[in-house]
Amino acid sequence: SDFDNFDFSQLLWSLAKVWWRDDALFTEASLELLERGRYRTMCAQDLGCVLWAFAMVQWPEPRIFEVLARAARTQIHTLNPLDVGNIAWSLGTSGQLDKDTALVIAEYVLQRDMAMP
């Protein structure tokens with residue numbers, strides 16, 4: 001792919017932002033992420049943008065949400081609250097918010113809240 005991870009995530013995010021669902025493009029993106037393993041090299045923020053994009057276009061493939069949520073969970077400590085909220089929204093909206101991810105998000109929120117003066 002000619003796109004680095006940031007460009008890849010921003011392309012999908014931008015299309016979803018204007019409600020443009022190109023099934024061929026999102027199918028190829030899904031293959032790139034899952035079959036070719038691109039998600040393994042993505043930072044949490046890029047994973048969040050991709051999750052958001054797939055949720056916005058109402059992508060009917062639960063596996064994409066499961067794999068990206070698992071990857072994002074391991075990096076959640078690197079995110080700011082807005083990005084964590086976007087991940088929670090994406091998974092909740094798509095009906096793919098699993099217990100493990102919900103617990104990691106809740107722990108993140110509680111830790112951040114307790115650290116605030």
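User: Which pattern does the protein chain follow when read along the sequence?

Analyst: Happy to walk through this predicted model with you. Along the sequence, the protein chain runs α-α-α-α-α-α. Its secondary structure comes to six helices and zero strands.

User: What makes the protein chain as compact as a globular protein of that length?

Analyst: Set the two values side by side. The radius of gyration is 14 Å, and the globule rule gives 13 Å for 117 residues; the two are close, so the chain counts as being as compact as a globular protein of that length. For the extents, the C-alpha trace spans about 45 × 25 × 25 Å along its principal axes.

User: What share of the residues is buried, and what supplies the exposed surface?

Analyst: Of the 117 residues in the protein chain, 41% are buried. The chain exposes about 6800 Å², with carbon and sulfur atoms supplying 57% of that area.

User: Which residues have the most contacts inside the largest nonpolar core, and which elements build it?

Analyst: That core has 34 residues, and those with the most contacts inside it are Leu-12, Leu-33, Val-50, Phe-54, Ile-64, Phe-65 and Leu-68. The elements giving two or more residues to the core are H1 (5–17), H2 (23–34), H3 (44–56), H4 (62–73), H5 (81–93) and H6 (99–115). H3 gives the largest share, nine residues. To pick one core residue, Leu-68 touches Leu-33, Tyr-39, Leu-47, Val-50 and Leu-51, leaving aside neighbours within four places in sequence.

User: Tyr-39 turns up there. Where does Tyr-39 lie, and why is Tyr-39 called buried?

Analyst: Tyr-39 lies in the loop between H2 and H3. Buried means under 20% relative accessible area. Tyr-39 has 14%, so the label buried applies. Leaving aside neighbours within four places in sequence, its contacts are Leu-33, Leu-47, Val-67, Leu-68 and Ala-71. Tyr-39 and Asn-5 are 34 residues apart in sequence, with 8.7 Å from C-alpha to C-alpha.

User: How do you know that Val-57 is buried?

Analyst: By the same kind of check: the relative accessible area of Val-57 is 6%, and the cut-off is under 20%, so Val-57 is buried. Val-57 sits in the loop between H3 and H4. With neighbours within four places in sequence left aside, Val-57 is in contact with Ala-16, Trp-20, Arg-21 and Phe-26. Its C-alpha atom is separated by 9.6 Å from that of Ser-94, 37 residues away along the chain.

User: Why is Gln-58 called exposed?

Analyst: Exposed means over 50% relative accessible area. Gln-58 is at 63%, so Gln-58 counts as exposed. This residue is placed in the loop between H3 and H4.

User: Why is Trp-19 called exposed, and where is the place of Trp-19?

Analyst: Trp-19 has a relative accessible area of 63%, and the cut-off is over 50%, so Trp-19 is exposed. Its place is in the loop between H1 and H2.

User: What makes the phi values of Trp-19 and Gln-58 worth a look?

Analyst: Most residues other than glycine have a negative phi. Trp-19 has a positive value, near 60 degrees. Gln-58 also has a positive phi, near 55 degrees.

User: How far apart are the mean positions of the positive and negative charges?

Analyst: The protein chain has 10 positive and 16 negative charges, and their mean positions are 4 Å apart.

How values were computed
Residues numbered from 1 in each chain as written. Predicted model: local features only at pLDDT ≥ 70, side-chain atom pairs only at ≥ 80, totals over all residues. Heavy atoms only, no water. Helix = DSSP H or I, 4+ residues; strand = E, 2+ residues; numbered from the N terminus. Rg over C-alpha atoms; globule rule 2.2 N^0.38 Å. Buried < 20%, exposed > 50% of the residue type's maximum accessible area, 1.4 Å probe, protein only. Areas by Shrake-Rupley, 256 points an atom, 1.4 Å probe, with all protein chains shown as cover. Lys, Arg positive; Asp, Glu negative; His and termini not counted. Charge placed at Lys NZ, Arg CZ, Asp CG, Glu CD. Core = buried A, V, L, I, M, F, W, Y, C linked by side-chain atoms within 4.5 Å. Contact = heavy atoms within 4.5 Å.
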